[in-house]
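Welcome! Let us take a walk through a protein model together, one part at a time. Keep the 3D view open as you read.

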Amino acid sequence: KEGGENEGRGVLVTYPHAKALGAVEIREQDVASLRPQEYLNDAIVDFGIMRTRDALTPHQQSRCHFFGTYLWKRLEDRDRNGRLSGDARRWVKGVDLLSKDFIFVPICQDEHWTLAIIRLSKLSIKAEGKKREETQVVRHELLYLNSLGSARAAMQERVTFRLSEFLHLVSLPAEAGPSAVNFPQVNFPQASTLSGDGQLLGDGGVLGAVRMAWKAVPVPQQRNGSDCGVFVL
């Protein structure tokens with residue numbers, strides 16, 4: 001569950017250290033979310049994600065990018081026209097995101113934690129003929145881990161749309177302005193706009209330049225209504 005402001009409480013732990021970029025501060029209120037029947041809050045989930053990342057080898061870390069809980073909140077923050085209120089390219093400044101193999105995105109929606117993992121892939125297709133040409137086709141896979149069973153159709157649409165849009169935006173050149181973004185406003189829930197393989201369709205085709213195939217990953221299931229954050233970690 002998303003945590004509120006931790007005002008008036010002292011910092012107990014800063015991970016990995018106070019001067020680190022994106023360091024996580026753990027306060028008394030955050031520790032309280034570890035009690036039985038409580039929902040893990042943002043700080044605890046961020047701490048767990050960073051600890052998981054740091055447990056990987058340098059080679060494994062180079063293949064992955066772990067977002068904190070802030071990303072999904074930013075993707076949900078829209079202006080009155082349904083567009084993102086910030087420039088997504090700034091959120092990954094200094095990171096060659098599209099060179100990674102896996103992108104991890106924790107999601108808190110309707111007081112429930114789930115995890116999305118984008119597996120990036122590019123296929124090279126060579127055309128035979130007078131002139132040999134090689135074309136790269138981008139087709140990513142969206143792995144969705146949910147400890148409360150399969151996602152509702154509306155949630156599947158929401159996650160697919162938000163993350164497809166995000167990848168499209170971060171792939172734009174630096175000089176591209178807001179006019180380069182041509183994503184329609186989408187209201188959720190709504191009638192299904194998913195194709196058979198989980199691609200989110202726009203007008204006449206796959207939305208934007210990003211193809212995203214949805215795959216629900218079988219995972220252990222929680223036996224109560226509060227342990228979703230633990231299962232994400």
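E76 and R162 form a salt bridge, and their closest N and O atoms are 2.8 Å apart. The two partners come from distant parts of the chain: E76 belongs to helix α4 (residues 70–76) and R162 to helix α6, with their positions 86 residues apart. Please keep in mind that this is a predicted model.

Is R162 buried or exposed? R162 counts as buried, because its relative accessible area is 5%, under the 20% cut-off. E76, in contrast, is partly exposed, with a relative accessible area of 23%. The pair also has company, since E76, R158 and R162 are linked in a network of salt bridges. As a general idea, side chains of opposite charge can pair when their charged atoms come close.

How many salt bridges are there? The count for this model comes to 10 salt bridges. Here are some of them, with the distance between the closest N and O atoms.

| Salt bridge | N to O distance |
|---|---|
| E76 and R162 | 2.8 Å |
| R89 and D87 | 3.1 Å |
| E141 and R119 | 2.2 Å |

In the pair of R89 and D87, D87 is partly exposed, with a relative accessible area of 30%. The salt bridge of E141 and R119 links distant parts of the chain, with E141 in strand β8 and R119 in strand β5, 22 residues apart. R119 is partly exposed as well, at 36% relative accessibility.

**The sheet**

Those last two strands lead us to the sheet. In which order do its strands stand? The open sheet has 5 strands in the order β3-β4-β5-β8-β11, and the pairing is mixed. At the edges you find β3 (64–66) and β11 (212–217); each has a single partner strand, so one side of each is left without a neighbour in the sheet. From one strand to the next, the twist averages 25°. In general, strands of a sheet pair through backbone hydrogen bonds, either parallel or antiparallel.

Now follow the pairs across the sheet. Strands β4 and β5 pair in the antiparallel sense over 8 bridges, and here F104 stands opposite I117 in β5. The hairpin of β4 and β5 has 2 residues between the strands, and D110 takes a positive phi near 55° there.

Next come β5 and β8, which run antiparallel and are joined by 5 bridges. Across this pair, L115 stands opposite L145 in β8, while A116 has Y144 as its bridge partner in β8. On the other side, β8 (residues 140–145) pairs with β11 in the parallel sense over 6 bridges. Y144 appears again here, standing opposite A216 in β11.

How many residues of β5 are buried? The count is 7 of the 8, so β5 is largely enclosed by the rest of the structure. Strand β8 is largely enclosed too, because 5 of its 6 residues are buried.

**Helices beside the sheet**

Helix α6 (residues 153–170) packs on the sheet and touches β4, β5, β8 and β11. The direction of α6 makes about 135° with that of β11. This is the helix that holds R162, one partner of the salt bridge we began with. Helix α2 (residues 42–54) lies across β3, β4 (102–109) and β5 (112–119), and runs at about 160° to β3.

**A loop and a surface patch**

After β11, the chain enters a loop that leads to α7 (228–232), and N224 lies in this loop. N224 is partly exposed, with a relative accessible area of 25%. Which residues does N224 contact, leaving aside its neighbours within four places in sequence? They are Q37 and L148. N224 and Q37 are 187 residues apart along the chain, yet 8.1 Å separates their C-alpha atoms.

On the surface, L12, V13, V31 and L34 form a nonpolar patch with about 340 Å² of accessible area together. V13 sits in strand β1 (residues 11–15) and counts as partly exposed, at 40% relative accessibility.

**The whole chain**

Finally, step back. The protein chain has 7 helices and 11 strands, and 41% of its 233 residues count as buried. Of the contacts between residues at least 6 apart in sequence, 60% join residues at least 24 apart. The accessible surface comes to about 13500 Å², with 49% of it belonging to carbon and sulfur atoms.

Technical notes
Residues are numbered from 1 along each chain as its sequence is written. This is a predicted model: local features need pLDDT of at least 70, side-chain atom pairs count only at pLDDT 80 or more; totals for chains, interfaces and linings use all residues. Side-chain values use heavy atoms; hydrogens and water are left out. Helices (H or I, at least four residues) and strands (E, at least two) are DSSP runs, numbered from the N terminus. Buried means under 20% relative accessible area, exposed over 50%, partly exposed in between (1.4 Å probe, protein chains only). Contact means heavy atoms within 4.5 Å. Accessible areas come from the Shrake-Rupley method with a 1.4 Å probe; for residues, only the protein chains shown count as cover. Two strands pair if DSSP finds at least two bridges between them. Axes are lines fitted to C-alpha atoms, for helices over the stretch in contact, and angles run from 0 to 180 degrees between N-to-C directions. Patches are made of residues with over 30% relative accessible area and no salt bridge: like charges are joined within 9 Å, nonpolar side chains (Val, Leu, Ile, Met, Phe, Trp, Tyr) within 5 Å. A salt bridge is a side-chain nitrogen of Lys or Arg within 4 Å of a carboxyl oxygen of Asp or Glu.
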